[in-house]
Amino acid sequence: MVTFTLSLIALILGYLLYGRFVEKTFGPDNRVTPAIAKADGVDFMVLPSWKIFMIQFLNIAGTGPIFGAIMGAKFGPSAYLWIVLGCIFAGATHDYLAGMISLRHSGIGQPELVGRYLGQTTKKIMLVFTVFMLIMVGAVFVYSPAIILGDICGEDIRWIYFWCALIFVYYLIASILPISKIIGKIYPVFAVSMIFMAAAMMVILFVKWPSLPELTDGLTPMNGTPIFPALFITIACGAISGFHATQSPLMARCMKSEHLGRPIFYGSMITEGIVALIWATISMYFFYGGSGEAILGHAPEATMSAPKVVTVVSEGWLGLFGGLLVMLGVVAAPITTGDTSLRSARLILAEFFHLEQKTVRSRLYICIPLFAATFGLLFFNISNADGFNIIWGYFGWGNQTLSVFTLWAITVYLARNRKPYIITLLPALFMTAVCTMFILVSPNTLGAPMAVGYTVSALFAFALLIWFMLKVRKMHDVPQE
């Protein structure tokens with residue numbers, strides 16, 4: 001618990017100190033924001049800052065910082081280091097700058113941001129890559145809550161189909177209606193419930209003060225899995241997640257001032273890191289500290305699923321009320337992540353094809369084919385027994401790859417504007433190596449030997465560093481923005 005306590009303090013100090021440094025590096029000012037300049041009553045409108053924070057937090061969090069942290073607990077104390085350092089120096093910095101660059105450029109989406117700084121060819125690649133990833137999120141987050149709700153109603157498969165259909169209809173409505181109608185009303189409620197649940201768990205941890213593995217015990221993973229690159233793919237949403245760059249523009253279109261960026265973008269990511277930190281500690285306590293055996297009456301299986309761990313721990317620690325909160329979080333969080341994913345996809349496509357989105361008809365032009373593709377992936381998810389794991393595996397790698405492109409785009413932006421680009425260059429190089437290594441050595445992809453993975457990933461990251469430094473030399477004649 002000493003490592004947990006120090007990590008918690010470090011995240012808070014990270015927001016107060018490094019977050020302020022990143023804010024100063026960007027330099028927010030008093031210019032008119034897109035929410036005012038492009039107000040359309042649908043996607044561009046001013047919302048209260050507290051509500052924007054809650055929506056942003058729920059958009060980027062979902063169940064990611066819970067499930068990822070639980071699965072990452074097998075890496076032991078090294079999970080603490082990655083959550084803290086990754087969140088402060090990579091994830092929160094990535095989210096803040098992606099959101100602020102979008103805010104400064106009329107609320108542009110992630111592919112447009114990448115294209116502006118990495119070229120039009122990269123923009124087109126990112127358009128396809130990003131939209132497909134958002135469709136994957138939508139499909140996965142229809143099916144997973146539908147299974148939970150279906151199990152509650154009975155074992156008849158038709159209940160799962162019923163909930164899939166109902167959630168799918170909700171997605172369509174939420175993607176079309178103005179952001180203030182559904183998202184602006186119910187998201188803050190769900191966000192509060194998730195924060196309350198995490199806070200309650202943290203209080204119990206401090207009361208119990210269990211004996212857990214500490215950083216002083218070493219960084220050896222508890223199951224022998226190599227830390228690099230698996231840890232950095234497994235724990236994504238609690239440290240750095242490329243998916244966040246698709247969500248930040250949604251809130252950039254609702255902010256009345258650039259000075260709100262640090263609490264909204266940087267602050268929501270730090271909050272997510274705290275949630276991940278809490279659940280990583282709970283998981284270590286559950287699997288290795290005796291909590292699981294005390295609740296279950298026997299040692300928990302190492303293969304127990306993350307949703308099952310959440311349910312067992314919450315009901316065991318918080319009783320019936322805790323179980324209800326878990327149900328609200330585990331069901332509502334993926335649903336809310338899914339609908340904003342498809343909303344982001346609609347706006348990204350509209351931006352690329354220059355289609356106005358003020359009328360319902362124009363929104364339907366994009367939503368109909370978009371939802372048809374999502375339905376096709378959902379059908380695969382349901383019909384294939386291993387469909388969920390297949391889709392989620394591709395999403396995990398794609399998510400972190402998306403962060404690589406965003407980090408490089410932000411780094412070019414900072415260099416072009418004569419700002420200290422080192423703050424995103426180092427995370428960009430590191431995540432480039434992580435994603436390259438993963439695609440090389442993962443048994444589900446190329447399955448290359450670890451030595452080959454280390455060598456190739458290091459060389460590729462170094463080659464990109466050389467490319468970037470050559471590019472910087474040509475930026476002196478480019479006017480600042």
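**Exercise 1. Which residues line the largest cavity?** Find them in the structure, then sort them by element and by character.

*Solution.* Keep in mind as you go that this is a predicted model.

Step 1: Start with the search itself. Across the whole structure, 1 cavity of 30 Å³ or more turns up. The volume of the largest cavity is about 40 Å³.

Step 2: Now pick out the lining. It is made by G109, Q110, T246, P249, L250, R253, S344, L347 and I348. Two or more of the lining residues come from each of α11 (244–252) and α14 (306–353).

Step 3: Sort the lining by character. You should end up with 4 nonpolar residues, 4 polar ones and 1 charged.

**Exercise 2. Work out what kind of ring pair F4 and F206 make, and say how each ring residue is placed.**

*Solution.* Step 1: Decide what to look at. Two aromatic rings are described by how far apart their centres are and by the angle between their planes. The structure has 26 aromatic pairs to choose from, and F4 with F206 is one of them.

Step 2: Read off the geometry. The ring centres of F4 and F206 are 5.6 Å apart and the planes meet at 50°. Planes under 30 degrees apart would be stacked and those over 60 edge-to-face, so this pair lands in between: F4 and F206 are tilted.

Step 3: Trace the chain. F4 belongs to helix α1 (residues 2–26) and F206 to helix α9 (residues 183–208), so the pair links distant parts of the chain, 202 residues apart.

Step 4: Check the accessibility. Buried means under 20% relative accessible area. F4 has 0%, so F4 is buried. F206, at 33%, counts as partly exposed.

**Exercise 3. Do the same for Y117 and Y413, then look for other contacts made by rings.**

*Solution.* Step 1: The Y117 and Y413 rings are 5.6 Å apart, centre to centre, with 80° between the planes, which makes the pair edge-to-face.

Step 2: Helix α6 (residues 110–118) holds Y117 and helix α16 (residues 387–416) holds Y413, so this pair ties together parts that are 296 residues apart in sequence.

Step 3: Y117 is buried at 2% relative accessible area, and Y413 is buried too, with 2%.

Step 4: Now go beyond single pairs. W82, F228, F232, F430 and Y454 are joined into a cluster by ring pairs. Elsewhere, R262 sits over the face of Y15, 4.6 Å from the ring centre.

**Exercise 4. Where is D43, and which side chain does D43 contact?**

*Solution.* Step 1: Look in the loop between α2 (34–37) and α3 (49–61), and you'll find D43 there.

Step 2: With 2% relative accessibility, D43 counts as buried.

Step 3: Follow the D43 side chain to its partner. A polar contact of 2.8 Å connects the D43 side chain to that of R343.

**Exercise 5. Go through the backbone and describe the peptide bond before P229 and the phi angles of W209 and H354.**

*Solution.* Step 1: The peptide bond between F228 and P229 is cis, with omega about 5°. P229 itself is in the loop between α9 and α10 (230–234).

Step 2: W209 is also placed in the loop between α9 and α10. Its phi is near 45°, which is positive even though W209 is a residue other than glycine. At 44% relative accessibility, W209 is partly exposed.

Step 3: Move on to the loop between α14 and α15 (360–383), where H354 is placed. H354 isn't a glycine either, yet its phi is positive, about 55°. Since exposed means over 50%, H354 is exposed at 71% relative accessibility.

**Exercise 6. How far apart in space are the C-alpha atoms of V331 and T63, and those of A433 and A458?**

*Solution.* Step 1: V331 is part of helix α14 and is buried, at 9% relative accessible area. Its C-alpha atom is 9.0 Å from that of T63, though V331 and T63 are 268 residues apart along the chain.

Step 2: A433 is in helix α17 (residues 422–441). At 13% relative accessibility, A433 is buried. C-alpha to C-alpha, A433 and A458 are 6.0 Å apart, with their positions 25 residues apart in sequence.

Terms used. Residues numbered from 1 in each chain as written. Predicted model: local features only at pLDDT ≥ 70, side-chain atom pairs only at ≥ 80, totals over all residues. Heavy atoms only, no water. 1 Å grid on protein atoms, 1.4 Å probe; cavity = no way out; pocket = protein on both sides within 12 Å on 5 of 7 lines; lining within 4 Å. Points joined across faces, edges and corners; volume = space filled by probe spheres on them. Helix = DSSP H or I, 4+ residues; strand = E, 2+ residues; numbered from the N terminus. Nonpolar A, V, L, I, M, F, W, Y, C, P; charged D, E, K, R; others polar. Phe/Tyr/Trp six-rings, centres within 6.5 Å; stacked < 30°, edge-to-face > 60°. Buried < 20%, exposed > 50% of the residue type's maximum accessible area, 1.4 Å probe, protein only. Lys NZ or Arg CZ within 6 Å of the ring centre and 35° of its normal. Polar contact = N/O pair within 3.5 Å; in protein donor to acceptor, adjacent residues only side chain to side chain.
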